[in-house]
Every structure is written in C-alpha cells, then in structure tokens.
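This briefing presents selected features of the structure shown below. Please keep the sequence and the model in view while reading.

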Amino acid sequence: MSVIVEGAVTGTPAPPRPRRRIDWGKLFTWTVLGWLFVPIVFMIAFSFNDISGRHNVTWQGFTVKWYGQAFDHADLTQALFHSLAIALLTMVIAGTIGSLLGLALGRHTFRGKGTTNLVMFAAICAPEVVLGAALLSLFLLMGVTTGFVAILLAHVMFTVSFVAITVRARVITLDPKLEEAARDLGAGPWTTFRLVTFPMLLPAIMAGGLLAFALSIDDYIITSFVAGEVTTFPLWIWGATRVGIPPQVNVMGTLIFAAGVLLAVINVILARRQASRGRP
Amino acid sequence: MTAITAARAPVATPAPAAPTVPAISLEGVSKTFRSGRETVTAVGKLDLTIEAGEFFSLLGPSGCGKTTTMRMIAGFEDATSGVVRLDGKDVTSVAPNHRDVNMVFQSYALFPHLTVADNVAFGLKRKRVPAAEVKQRVADMLELVELAGHAKRKPGQLSGGQQQRVALARALVNRPRALLLDEPLAALDLKLRQAMQLELKRIQREVGITFVYVTHDQGEALTMSDRIAVMNGGYVAQLGTPAEIYERPASRFVAEFIGTSNLLPGTVTDASSEGSTVRLGCGADLRIGETLDAGEAVDVTVRPEKIRIGTAEPDPASSRVPGTVADAVYLGSATHYTVRLADGTEIVVFRQNADDVTADAIAAPGSPVWLSWHPTHSYVLPENSGPTDATQGSHHRA
Ligand SMILES: Nc1ncnc2c1ncn2[C@@H]1O[C@H](COP(=O)(O)OP(=O)(O)O)[C@@H](O)[C@H]1O
Ligand SMILES: [Mg+2]
C-alpha cells in the first residue's frame with residue numbers, strides 16, 4: 001500500500017504485475033457443468049449423425065433425416081408412448097397424493113406423523129433393486145398382473161415421497177396467518193384452501209410434479225421388475241444395446257430433454273415472477 | 001322526544017332508556033394452553049364490556065394475554081371457559097368466518113398473490129356483494145387510506161406503511177361490527193407510527209366502527225383510546241379512561257407501567273374520616289385524602305410533573321418535602337431533576353421550562369431544594385391487585 005503511494009508521489013511507475021492466479025472456484029464450476037452437460041451434448045450431437053450401419057458410435061456426418069424418421073420403429077414409438085403415458089399419470093397421481101401428504105406433514109401434528117416421515121425417507125433411500133424385487137413379489141402375492149398398471153403403481157409409490165418433501169418444505173415456510181386472514185374475511189375452510197393455500201403452494205406442487213415425471217420417464221430398474229410384457233422407453237433402449245441403438249433413440253432423447261428444459265424454464269419463470277411480485 | 005313521550009303517557013313513569021347492547025362482551029372468559037404436560041394460563045378470568053363505537057385498547061407488557069384475548073374475540077382460539085358475545089349474541093362456538101368482526105394482523109398477512117384491490121375485495125366477494133358495489137366500495141376504501149393509485153400493485157411492491165394501510169382497508173371495507181387490531185403499528189418506525197396513530201384515530205371517527213386495539217406501548221394507548229384495559233399476567237389490572245389510568249393508577253403495577261411514578265414508602269401515623277397522615281422515611285409528614293389504618297406501612301405515589309421545585313419554603317398547607325438535587329437533565333422544553341431525600345429516597349421531578357423559569361440557581365446538583373405539590377396529587381397505592389381484586393377504584397379502602 002505505502003509502496004504504491006510512494007511510487008505515485010515520486011512519479012516512478014510502479015508496474016502492477018498481478019500474478020496470474022488460477023481461479024479455483026471458476027474452474028470447479030466449469031468442470032462440474034462440463035461433467036453434467038457433455039453426455040447430453042453427445043446425445044444431441046449423435047441424433048444428427050449420418051450413420052449407415054447399425055452402430056451409432058462414431059461420427060460420420062451431419063444429417064437431420066432421423067428427425068423425419070423419428071417414429072419409424074413402431075415398437076420404439078410404442079415404448080415411448082407407454083413411458084409418456086405412465087410418466088404423465090404418475091405426475092398427476094403422485095402430484096396429488098404427494099401434495100396432500102406434504103400439506104398434512106407440514107401443517108398438522110397427528111398420530112403417526114413420525115412414522116410417515118420415516119417411511120417416506122426410507123422410500124427415497126431404499127436401493128431401487130431392492131424396491132423393484134420387493135414390489136414384484138408383492139404384486140405377485142396380491143395378484144396384480146405385471147404390466148402397465150403395475151408399472152404405474154410402482155412409479156407412484158417411489159415418486160410420491162419426492163413430491164411430498166418438496167411441498168412440505170414450502171408449507172413450512174407458509175405464514176399460517178394468511179389462512180387465518182382468509183377465514184377472518186369470511187372464507188370457509190375450502191374457499192381458504194382454493195383461494196389462498198393452493199395458489200401459494202402451486203410452484204412447489206408443480207416442481208414436485210415435474211420431479212415425479214422426470215423420475216418416472218427414465219426409470220429402468222424398478223420398471224424392469226414389474227413391466228411384464230410391456231416395454232417402456234428405457235427398457236427398449238436397454239434391449240436394443242445388444243443389436244445397436246438406432247439414432248431415433250437420440251432423437252427422442254433430445255426431444256424429451258428439450259421438453260424437460262422448456263418446462264423447467266417455465267416453472268422457474270413463474271416462480272420468480274410470483275416471488276418478485278408477492279413478497280409481503 | 002321526551003316531550004312526545006310525556007304527552008302520550010303522562011301518568012307512566014319515564015321509560016328506562018333502551019339498554020344499549022355492547023358491541024363486544026367477555027363474560028368470565030379464560031384460556032389455558034396445554035403443551036404436553038405443561039399448561040399455560042394465557043388469560044385468567046376476563047370480564048370486559050366494549051361499547052359500540054368505542055376505541056378500546058388492551059394494554060400490557062408482552063405475554064400478558066392481549067393477543068389471546070383478541071383471538072378469542074375473532075374466533076381463532078376457543079375459550080377454555082366463559083362466554084364471548086358480539087352484539088349480545090353468544091358466539092363462543094361460532095367459526096371465525098361467521099363472526100362479524102375483522103382483524104388487522106401485526107404481520108399484515110396480506111395475500112401476496114393478489115393485487116391490492118383484490119386483497120381489499122376479498123371479504124366483500126365472500127359475502128357475495130354485487131361486483132359493481134364491490135368495485136365502488138374498494139375504490140372508496142382505498143381513497144380513505146390514501147392508496148387509490150396503488151390498486152393494481154401487489155403487496156410486495158408496497159412499503160411497510162402502505163401495506164399496513166392495505167391491511168386496514170381490507171378489514172374496514174367489510175364494515176364489521178368491530179375491528180380488532182393486534183399491534184398494527186409495531187413494525188413501523190417511530191415517525192410513521194406517530195403519523196399512523198393520528199390517521200387511525202381519524203379513520204375510526206369517520207367510519208364510527210368499534211376498534212379494539214392491542215398494544216404494549218402505553219403512549220400509543222393513552223393517545224388514541226377512549227378506554228384502556230391494562231392487562232398483567234392474564235388479568236385486567238385496571239380499566240378506565242386514559243386520564244383515570246394515568247392520574248389514578250389502581251396498583252403499583254399500573255403506576256410503574258404507565259408513565260413515570262415516584263413511590264415514597266411511609267407509615268400511617270394518624271387516621272380520621274377526613275384523611276390520614278403518612279410519615280415518610282425522611283421524616284416529613286404528608287396529608288392523604290384517604291382513610292387508612294394507623295400503623296400501616298404504605299407507598300405514597302406522585303407523578304413527576306405534579307411536583308413543584310424551588311428554594312423558597314412552600315406553603316405548609318401543601319404536601320412538601322425537603323431534599324437535595326442529585327441530578328438535573330436539561331431537555332430543552334423541560335428539565336428532569338432527580339432529588340434525594342434525607343433517607344436516600346430519590347424523587348423524579350419534571351419541570352416545564354416555561355417563561356416564569358429564569359436562569360436556574362437550583363439546577364446545580366448538591367443544592368438544597370423544596371419539593372411541593374397539591375395534596376390531591378399524592379395518594380396511597382394499594383399492593384398489586386391480584387386476580388380477584390382487579391377493579392378500578394380498589395384503592396378507596398373502607
Ligand atoms: N398457542 C399457544 N400455545 C401455548 N402457549 C401460548 C400460545 N399462545 C400464547 N401462549 C402463551 O400465552 C401467554 C400470552 O400470550 P399472548 O396472548 O400472545 O400475549 P401478548 O399478546 O400479550 O404478548 C404467553 O405466555 C404465551 O407464551
Ligand atoms: Mg401479542
């Protein structure tokens with residue numbers, strides 16, 4: 001410090017030579033981002049790969065033709081349809097049940113609350129292989145035939161905890177005075193929920209639902225146990241690896257990824273708009 | 001009116017005035033919270049009557065049960081015992097959305113996802129008021145609270161003071177039988193708080209609705225209220241107008257909680273039906289208007305601004321004690337003295353620096369002075385009144 005002042009007074013230019021330092025924080029950030037995104041970039045890139053044989057593993061030239069032929073494999077299209085249907089239904093069912101569960105856990109004290117929390121946590125922590133095997137024997141025991149309904153039941157089962165935890169986190173931060181204010185102004189319990197509680201929870205409910213959708217659409221392990229004759233998108237790909245994965249898989253993967261990004265962006269924008277407008 | 005009655009029924013005794021039904025009455029209301037094995041009695045046994053159109057304050061230190069009392073009126077807490085009446089009607093077990101009172105929350109509790117106008121319209125829409133009327137009343141109310149230009153904003157875009165006024169408008173627009181305000185100004189800074197005190201008082205006069213106002217700020221309660229219930233530990237320590245409570249605190253608690261009080265310990269030496277004489281610790285004798293028991297140890301109280309301070313010996317007919325100035329703090333419009341009596345008791349004196357006060361010879365610490373006041377300004381404080389002995393005027397002992 002004093003050196004610089006002296007230099008300035010005497011007029012001799014003290015050349016500030018900042019040592020080139022490595023910014024570890026930046027480096028770390030970019031490494032992690034690369035780690036996350038390089039596989040996705042490859043997936044997208046190879047959906048434009050102009051291959052001639054069966055194997056889509058070496059870059060052979062650019063084409064968009066696979067997008068035109070995206071639905072040429074009937075069984076792949078069928079598998080994708082199954083996956084989308086199951087994921088959407090899971091989103092709705094697990095979203096509803098999980099939201100109600102999260103609301104109850106965040107707001108009320110009741111007998112069995114601790115157990116419910118524990119079971120939810122266990123459902124998240126349990127290894128999927130174990131869950132899948134257990135679900136299969138349960139379904140066999142109960143006479144539930146493996147297939148579409150069994151997959152849906154299994155997916156709702158393992159995603160509902162994620163929704164509940166997301167919603168519960170929001171409920172806990174919600175000011176109970178808001179609901180009292182609504183009651184005070186003449187709203188009954190249901191109107192209060194519809195006009196105050198639900199709109200305030202909506203971002204969390206949507207985030208939970210999207211999470212359930214994302215977990216469902218790419219689940220392989222649990223699905224493989226209970227799928228029976230039904231093929232989903234991940235199951236089809238796994239089956240195809242032995243004979244060579246067609247670029248259509250990359251095309252569909254890219255489309256699903258794009259749709260996912262779009263939904264996530266919309267959710268963030270909505271949540272942010274509400275937050276910036278709505279802080280009391 | 002009376003003339004007509006008299007002409008029609010000349011023989012009948014004058015009909016008693018129709019008893020006005022109080023806006024709110026609490027009859028033996030208590031509230032005990034149970035958390036695990038412990039129980040907390042937040043409110044003891046309250047008997048309160050709040051008249052229609054009154055500005056009524058619940059004043060007391062934090063934790064004395066003010067909020068709980070208010071929440072029982074609004075219906076958010078069930079009374080453990082007793083009856084809550086609104087307009088004479090028993091509403092003890094009526095849900096909050098069916099009680100014709102509205103609350104202004106300390107945290108405002110505005111709906112963050114609704115605009116200011118929608119916040120204010122919330123109650124009217126629940127009552128299915130026609131849309132055109134809702135629009136008109138909301139506009140009028142926003143005009144009243146001076147927020148007409150902010151109808152389209154969200155609460156998050158308003159300042160604390162503006163949010164406070166939205167909360168007020170949202171409650172008032174419903175024209176409830178009573179408005180319940182729980183420390184509504186506590187979150188505002190001093191300047192804004194003082195402005196809002198006057199504003200609230202103006203609005204209350206304009207709309208004529210009963211206000212029940214909870215505060216722990218004695219200045220606020222004195223400024224705004226028609227009547228005050230001073231609460232302590234779940235009980236009403238004193239109920240009265242601001243002047244009654246300030247001039248004649250019913251207990252040591254009230255005397256110390258409201259304003260500044262001097263407490264002079266002494267012993268009753270002489271008692272007759274005209275009054276009593278109390279010998280203070282410093283040896284001076286004081287005449288007291290009340291009839292007391294000779295030999296009793298008592299505390300005499302006198303407010304700092306009632307005391308005259310001077311070097312000349314005062315009229316023996318007045319209450320007077322000699323002392324020494326221990327400290328003098330010049331505050332511009334007034335000077336606050338601390339005067340030490342012979343036995344070490346300290347008395348605080350506030351003197352206005354009016355035009356008759358010249359450059360002060362007596363201000364210097366160490367100088368001997370006389371303190372004097374009119375005998376009616378000092379009186380004996382009863383001990384802190386307990387749960388059963390909580391009525392105003394309990395200091396008049398038989
Ligand atoms: N929900 C509750 N559960 C347990 N104790 C409570 C509850 N609400 C208030 N209390 C207790 O009741 C007493 C009075 O509280 P409150 O009415 O909020 O006082 P004030 O508003 O005068 O500060 C306090 O001791 C407080 O801890
Ligand atoms: Mg309180």
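Chain A of this predicted model contains 12 helices and 0 strands. Read from the N terminus, the elements of chain A therefore form an unbroken run of α, written α-α-α-α-α-α-α-α-α-α-α-α. The points below cover the overall form of chain A, one buried residue, the largest pocket, the largest cavity, and a set of strands in chain B.

**Overall form of chain A**

- The radius of gyration of chain A is 26 Å, whereas a compact globule of 280 residues would have a value near 19 Å.
- Along its principal axes, the C-alpha trace of chain A spans about 95 × 70 × 35 Å.
- Of the 280 residues in chain A, 35% count as buried.
- Among the contacts in chain A with a separation of 6 or more, 70% are between residues 24 or more positions apart.

**A buried residue in chain A**

- A:Thr223 belongs to helix H10 of chain A, which covers residues 221-226.
- A:Thr223 counts as buried because its relative accessibility is 0%, and the cut-off for buried is under 20%.
- When neighbours within four places in sequence are left aside, A:Thr223 is in contact with A:Ile151, A:His155, A:Thr232 and A:Leu235.

**The largest pocket**

- The largest pocket has a volume of about 700 Å³.
- Its lining consists of 25 residues, which divide into 20 nonpolar, 4 polar and 1 charged.
- The lining residues that lie nearest the centre of the largest pocket are A:Ala214, A:Ile217, A:Ile256, A:Phe257 and A:Gly260.
- Four helices of chain A each supply at least two residues of this lining: H2 (24-46), H9 (189-217), H11 (233-240) and H12 (247-278).
- The largest share of the lining, 11 residues, comes from H12(A).

**The largest cavity**

- A search of the whole structure finds 1 cavity of 30 Å³ or more, and the largest cavity has a volume of about 30 Å³.
- The residues that line the largest cavity are A:Ser83, A:His155, A:Ser216, A:Ile217, A:Asp219, A:Thr232 and A:Pro234.
- By class, this lining has 2 nonpolar, 4 polar and 1 charged residues.
- A:Ile217 appears in the lining of the largest cavity and is also one of the residues nearest the centre of the largest pocket.
- A:His155 and A:Thr232 line the largest cavity, and both are in contact with the buried residue A:Thr223.

**Strands E11, E12 and E13 of chain B**

- Strand E12 of chain B, residues 276-280, is mostly covered, with 4 of its 5 residues buried.
- E12(B) pairs with strand E11 of chain B, residues 262-271, in the antiparallel sense over 5 bridges.
- Within this pairing, B:Val278 of E12(B) is the bridge partner of B:Val268.
- E11(B) and E12(B) form a hairpin, with 4 residues between the two strands.
- E12(B) is also joined by 4 bridges to strand E13 of chain B, residues 285-288, and these two strands run antiparallel.
- Here B:Asp285 of E13(B) is the bridge partner of B:Arg279.
- E12(B) and E13(B) likewise form a hairpin with 4 residues between them, and B:Gly283 in the turn has a positive phi of about 105 degrees.

Technical notes. Residues numbered from 1 in each chain as written. Chains lettered and ligands numbered in written order. Predicted model: local features only at pLDDT ≥ 70, side-chain atom pairs only at ≥ 80, totals over all residues. Heavy atoms only, no water. 1 Å grid on protein atoms, 1.4 Å probe; cavity = no way out; pocket = protein on both sides within 12 Å on 5 of 7 lines; lining within 4 Å. Points joined across faces, edges and corners; volume = space filled by probe spheres on them. Nonpolar A, V, L, I, M, F, W, Y, C, P; charged D, E, K, R; others polar. Buried < 20%, exposed > 50% of the residue type's maximum accessible area, 1.4 Å probe, protein only. Pairing = 2+ DSSP bridges. Rg over C-alpha atoms; globule rule 2.2 N^0.38 Å. Contact = heavy atoms within 4.5 Å.
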